[in-house]
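Reader: I would like a close look at a single part of this model, worked through residue by residue. Please begin with a charged side chain and a ring, and then follow the surroundings from there.

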Amino acid sequence: MAGPRLSRRHLIAAGSVAAATAVAVTLTASAGASDTKEQAQRAIKGGKAKNVILLIGDGMGDSEITLARDYTVGANGRLNMDKFPLTGAYTTYAVHKDGSPDYVTDSAASGSGWATGVKTVNGRISKTPGTDKAVPTILELAQKKGYATGSVTTAELTDATPAVLASHATDRSCQGPADMAKCPKDTIAKGGPGSIAEQSVNHKVDVLLGGGKQRFDQKVTDGKYKGLTVAQQAKKLGYQVVTDKSELKKVKSVKNGKPVLGLFAPGNVPVEWTGKGAAKGGTEPQRCTTSNPGRPAGTPELKDQASKAIKLLEAKQKSGKNKQGFFLQIEGASIDKQDHAADPCGQIGETAAFDRAVKVARDYAAKHPDTLVVTTADHAHTSQIVPLEAQPPGLSSTLVTNEGQQLKVNYSTNTPGQSQEHTGTQVRIAAQGPQAYRVLGVTNQTDLFTTVREALRLG
């Protein structure tokens, strides 16, 4: 008697697992980036994930990873993000309104790709490219299934990457009620959902941690909360609003309709490291300053925000009636921002800070193997490691690494004095846990949406 007929999707998935298995059985405890053979074998399994932790290094292409590795742990060293058992690459292009490829993406279009599974135009937040219609996000789908949800960033919480999860906007600039010039149809006065800040708190995301207090201090101009600031609106919705690490530490729970909104800077969270920016003709060899005097003492590190978010989300899901898990996105945002500024020390420090958050996620997954952890970037960026004798036409800087060696980094995607540019190259994606095998090979950014959806069984 013939067995049940498998759908094309199931046949493809089965083939992917078989191919991944064939690769994994050749691994040894010391091979590649894998910690152990057993970890690799676990990562090729399908099945359901209870939790998903998605880590996004904004602008963290292979060059940015290599630069941070060379400087902090040495050319033969390995970062935490290098130790995932399964690694692939994905393409990051955006699209034009007619669906044709736009080869260099911005963070709005790229984030919308993994958040919704739909490619869109640069500058748009989780809306279609041609018709400008909202598309359900992975966070919204997770909420509907009863998962606890969170978003942590070193940018403003209304910046593009966190925005794609809990808002829909015609343009990424529409961050607060006073910033709606490019989104007239999205205003509450026109029957829209309001600014990114308003939408984010209206979504009742359980944990929102980052910068951007200036957006939440803007007053709502229409609707139920007219006249209140967005932060006051959040409090009306039950949010616990905190502004430094001591207040965050005091938050014990997000249960019973008491989510947490952490606003740790007026704008982007200040970077951890400083140093001389790249210059035309280069710089003298320098060591980075690993304690930024402009960073307030009460500013929590990304790893501490990540750890607190995981604890709060885990506690909520344990107390819930349906015992669902959680979805958490963690962004290291200023890798990108310091790359734009041609600031190698700021960039390396933010990559190192992001890598410590990766360790938090992997340590949690080691004790909870039903957790899918994925780390990737939204797009690549400008920095390149070049020979010391090279004479780049743009900006460059020479660093003295922790190995005592000199390293030259070049920024030449735009003329000196202009912001450096994203690049269109594919970027790394690595994973462990249920459905991690899906990152193998070269995939599309929108495939990450499918990976998370399948892992959490969101339909």
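Author: In this predicted model, the charged end of Lys119 sits over the ring of Tyr93, at 3.9 Å from the ring centre. A second arrangement of this kind involves Arg362, whose charged end lies over the ring of Phe84, with 5.0 Å to the centre of that ring.

Rings also meet rings here, since a search of the whole structure finds two aromatic pairs. One of them is formed by Phe326 and Tyr364, and it is tilted, with 5.9 Å from centre to centre and 50° between the planes. Phe326 belongs to strand β10, residues 326–332, while Tyr364 belongs to helix α13, residues 344–367, so the pair ties together parts that are 38 residues apart in sequence. Phe326 and Tyr364 are both buried.

Helix α13 leads on to the empty space inside the model. A search of the whole structure finds four cavities of 30 Å³ or more, and the largest of them holds about 70 Å³ of space. This largest cavity is lined by 13 residues, and those closest to its centre are Thr154, Glu272, Leu302, Glu350 and Ala353. Two elements, α11 (302–319) and α13, each give two or more residues to that lining, and the largest share, three residues, comes from α13.

Helix α13 is also among the packing partners of helix α3, which deserves the closest attention. The buried residues of α3 are Glu64, Ile65, Leu67, Ala68, Arg69, Asp70 and Tyr71, and they pack against α12 (334–340), α13, β12 (384–386), β13 (395–400), β14 (406–411) and β15. Within this helix, which spans residues 62–72, Arg69 has a relative accessible area of 12% and is therefore counted as buried, the cut-off being under 20%. Leaving aside residues up to four places away in sequence, Arg69 touches Gly74, Ala75, Gly77, Arg78, Leu79, Asp82 and Arg428. One of these partners, Gly74, comes just after α3 and takes a positive phi of about 95°.

Another of the partners of Arg69 is Arg428, which is found in strand β15, residues 427–432. Arg428 is buried as well, because its relative accessible area of 18% falls under the 20% cut-off. The side chain of Arg428 reaches the backbone oxygen of Met81 at 3.4 Å. Its contacts beyond four places in sequence are Asp62, Ile65, Arg69, Met81, Asp82, Thr87, Gly88, Ala89, Thr375, Thr376 and Ala377. Asp82 thus appears in the contact list of Arg69 and in that of Arg428.

For a view of another part of the chain, one may turn to Val220, which is found in the loop between α8 (213–216) and α9 (230–236). Although Val220 is in a loop, it is buried, with a relative accessible area of 4%. Again leaving aside residues up to four places away in sequence, Val220 touches Pro177, Glu198, Tyr225, Lys226, Gly227, Leu228, Thr229, Val230 and Gln233. The C-alpha atoms of Val220 and Gly404 are separated by 54 Å, and these two residues are 184 residues apart along the chain.

Methods:
Residues are numbered from 1 along each chain as its sequence is written. This is a predicted model: local features need pLDDT of at least 70, side-chain atom pairs count only at pLDDT 80 or more; totals for chains, interfaces and linings use all residues. Side-chain values use heavy atoms; hydrogens and water are left out. Helices (H or I, at least four residues) and strands (E, at least two) are DSSP runs, numbered from the N terminus. Buried means under 20% relative accessible area, exposed over 50%, partly exposed in between (1.4 Å probe, protein chains only). A polar contact is a pair of N or O atoms within 3.5 Å; within protein, one must be able to donate a hydrogen and the other to accept it, and residues adjacent in sequence count only if both atoms are side-chain atoms. Contact means heavy atoms within 4.5 Å. Rings of Phe, Tyr and Trp (its six-membered ring) pair if their centres lie within 6.5 Å; planes under 30 degrees apart count as stacked, over 60 as edge-to-face and the rest as tilted. A charge sits over a ring if NZ of Lys or CZ of Arg is within 6 Å of the ring centre and within 35 degrees of the ring normal. On a 1 Å grid over the protein atoms alone, a cavity is a set of points where a 1.4 Å probe fits but cannot get out, and a pocket is an open set with protein on both sides within 12 Å along at least five of seven lines; lining residues have an atom within 4 Å of a point. Grid points are joined across faces, edges and corners, and a volume is the space filled by probe spheres set on the points.
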